[in-house]
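Work through these exercises with the model open beside you. Each task is followed by a stepwise solution.

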Amino acid sequence: MCSRAGMSRAGMMSLRCLCRLVLRFLPRISALSPNLLKTLKADGDVHSPLMKETAIMGSESSELPVDILMDIFALLEIPDLLRAGSVCSSWHSAYTILRSSEMYRWPQTPCLFYTSESDGDNVACLYSLAEKRVYELALPDIPIRRMHLIGSHNGWLVIADEMSELHIINPITGQRVALPSVATIEQVKPIFDDAGALQEYEFSQYFGEEELADPSFHAPSSLRNHLYAKAFVFPDPATKSYIVALIHNPVNQLSFTRVGDSEWTWLPPSGDYEDCIYIDGVLYALRGTGAIDAFDLTGPDVSRKVFMDDMKDYVYECLYIVQTPSGDVLQVLREQDVAATDSHGKDVVDISEMRKETRKITVYKVDMAAKEFLRINGLNEHVLFLGHNQSLCLAAEEFPHLKANHAYLTDNDGCIASFRSNHRNIGIFSLGNGSTEEIVPPQLWCSWPAPIWITPNLRKMSLD
């Protein structure tokens with residue numbers, strides 16, 4: 001991970017942050033390393049935020065026991081952690097042990113993951129909301145510019161490669177996990193030539209017991225443009241594995257798989273799904289009408305139960321279902337309109353210049369017991385992250401760099417693959433007054449693959 005601002009400045013910021021964190025552990029440090037405490041006091045006031053960075057470098061840094069360093073490092077965001085691990089051999093040792101022991105669980109501020117036209121196919125960018133800085137990620141084995149990004153959760157991206165096959169990747173660790181072949185999805189049939197080579201796919205418009213239209217035929221490279229809508233990665237403690245849920249066409253149906261399975265399982269026929277969450281073995285899937293279906297994935301046979309009836313007549317809005325830190329379930333309605341002017345204020349005359357704007361966001365609390373929707377006025381001290389990512393609701397007090405009662409937005413329109421060059425609806429939306437502000441200047445990122453929120457994660461997925 002490399003910062004475009006330069007490593008020297010980044011290193012100084014990391015050290016300042018580390019100095020502040022050292023203060024939290026002074027009682028333990030003073031007991032175990034009195035010489036280091038004397039050095040820290042040389043600045044005149046050990047509680048001063050202007051404490052000299054050099055006080056914890058050089059020969060004195062080796063006096064910090066590894067467990068103390070690990071306690072301190074465990075409070076860093078991932079960019080600072082990676083920089084701290086490169087300061088010296090003892091810090092790198094503490095960093096390595098922290099990662100391998102899985103003790104590092106500090107909540108990470110979500111970042112905007114995107115690519116830039118000025119970079120190569122194997123380079124991605126992370127915009128850190130915590131530091132307001134862009135980091136470049138080298139992905140030597142993944143031509144990320146040529147992938148479709150169709151979902152993210154807890155540091156994992158779901159991507160569709162150039163043969164329309166799905167993978168899970170962690171762009172921080174570089175881990176890549178293949179998912180079952182696209183050919184195992186219910187509506188997809190591979191067609192081979194006489195030599196057994198894959199030629200194309202037959203994409204059935206099969207829905208329940210009905211064919212909505214004649215099948216279409218697509219090359220392996222183009223099937224992904226028509227099939228995939230949104231994907232989700234959920235840890236499954238019961239099986240110590242991961243469940244991947246996939247919203248796909250026709251009509252936004254659902255299939256799922258577990259990491260390590262050989263095929264996708266088509267869920268009982270229904271459609272028009274917009275978003276999903278997974279709670280205690282049950283997949284709750286939100287439909288475009290506001291209804292919520294429940295699928296218990298713990299048994300051998302999966303059936304669909306209508307958990308909540310339709311909320312309203314169908315309208316062209318984006319809907320999300322999200323769980324709060326306290327366990328409440330929210331339903332979020334995002335109203336978008338097509339802007340009449342382009343980004344320069346001129347009338348739109350070309351469909352490629354068309355852009356959507358978020359005009360209104362409405363939040364409802366889902367009463368799971370009474371099965372009722374209760375409209376709430378804002379989110380007070382919470383923050384939303386909405387888009388093609390797993391919908392998130394975070395407590396603002398745990399993330400001081402985020403704005404309470406705001407929604408951080410990216411696109412999640414299922415048709416974005418058809419309008420790759422269009423303006424993206426990315427910004428910070430105030431749930432209080434409805435205003436929107438820019439996150440990253442648009443000239444820094446390209447519109448395809450569509451930027452997506454991701455929460456950096458250093459842990460690797462267990463494949464046992």
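**Exercise 1. Which helices and strands supply at least two residues each to the lining of the largest pocket?**

Step 1. The model is predicted. One helix is on the list: H7 (89-100).
Step 2. Add the strands E14 (228-236), E15 (241-248), E18 (273-279), E22 (317-323) and E27 (392-395).
Step 3. Rank them. E27 gives the largest share, 4 residues.

**Exercise 2. Describe the space and the lining of the largest pocket.**

Step 1. Take the volume: about 1500 Å³ lies in the largest pocket.
Step 2. Find the centre. The lining has 47 residues, and the closest to the centre are His-153, Asn-154, Pro-235, Asn-457 and Arg-459.
Step 3. Sort the lining by residue class. The split is 24 nonpolar, 14 polar and 9 charged.

**Exercise 3. Place Val-123 in the fold.**

Step 1. Assign the element. Val-123 belongs to strand E3, residues 123-128.
Step 2. Check a pair. Leu-139 is 16 residues from Val-123 in sequence, yet their C-alpha atoms are 5.9 Å apart.
Step 3. List the contacts. Leaving out residues up to four places away in sequence, Val-123 touches Thr-115, Glu-136, Leu-137 and Ile-144.

**Exercise 4. Summarise the whole chain.**

Step 1. Count the elements: 8 helices and 31 strands.
Step 2. Gauge burial. Of 464 residues, 53% count as buried, with under 20% relative accessible area as the cut-off.
Step 3. Look at contact range. Among contacts with a separation of 6 or more, 53% join residues 24 or more positions apart.
Step 4. Finish with the surface. The accessible area is about 20900 Å², and carbon and sulfur atoms hold 50% of that.

How values were computed:
Residues numbered from 1 in each chain as written. Predicted model: local features only at pLDDT ≥ 70, side-chain atom pairs only at ≥ 80, totals over all residues. Heavy atoms only, no water. 1 Å grid on protein atoms, 1.4 Å probe; cavity = no way out; pocket = protein on both sides within 12 Å on 5 of 7 lines; lining within 4 Å. Points joined across faces, edges and corners; volume = space filled by probe spheres on them. Nonpolar A, V, L, I, M, F, W, Y, C, P; charged D, E, K, R; others polar. Buried < 20%, exposed > 50% of the residue type's maximum accessible area, 1.4 Å probe, protein only. Contact = heavy atoms within 4.5 Å. Areas by Shrake-Rupley, 256 points an atom, 1.4 Å probe, with all protein chains shown as cover.
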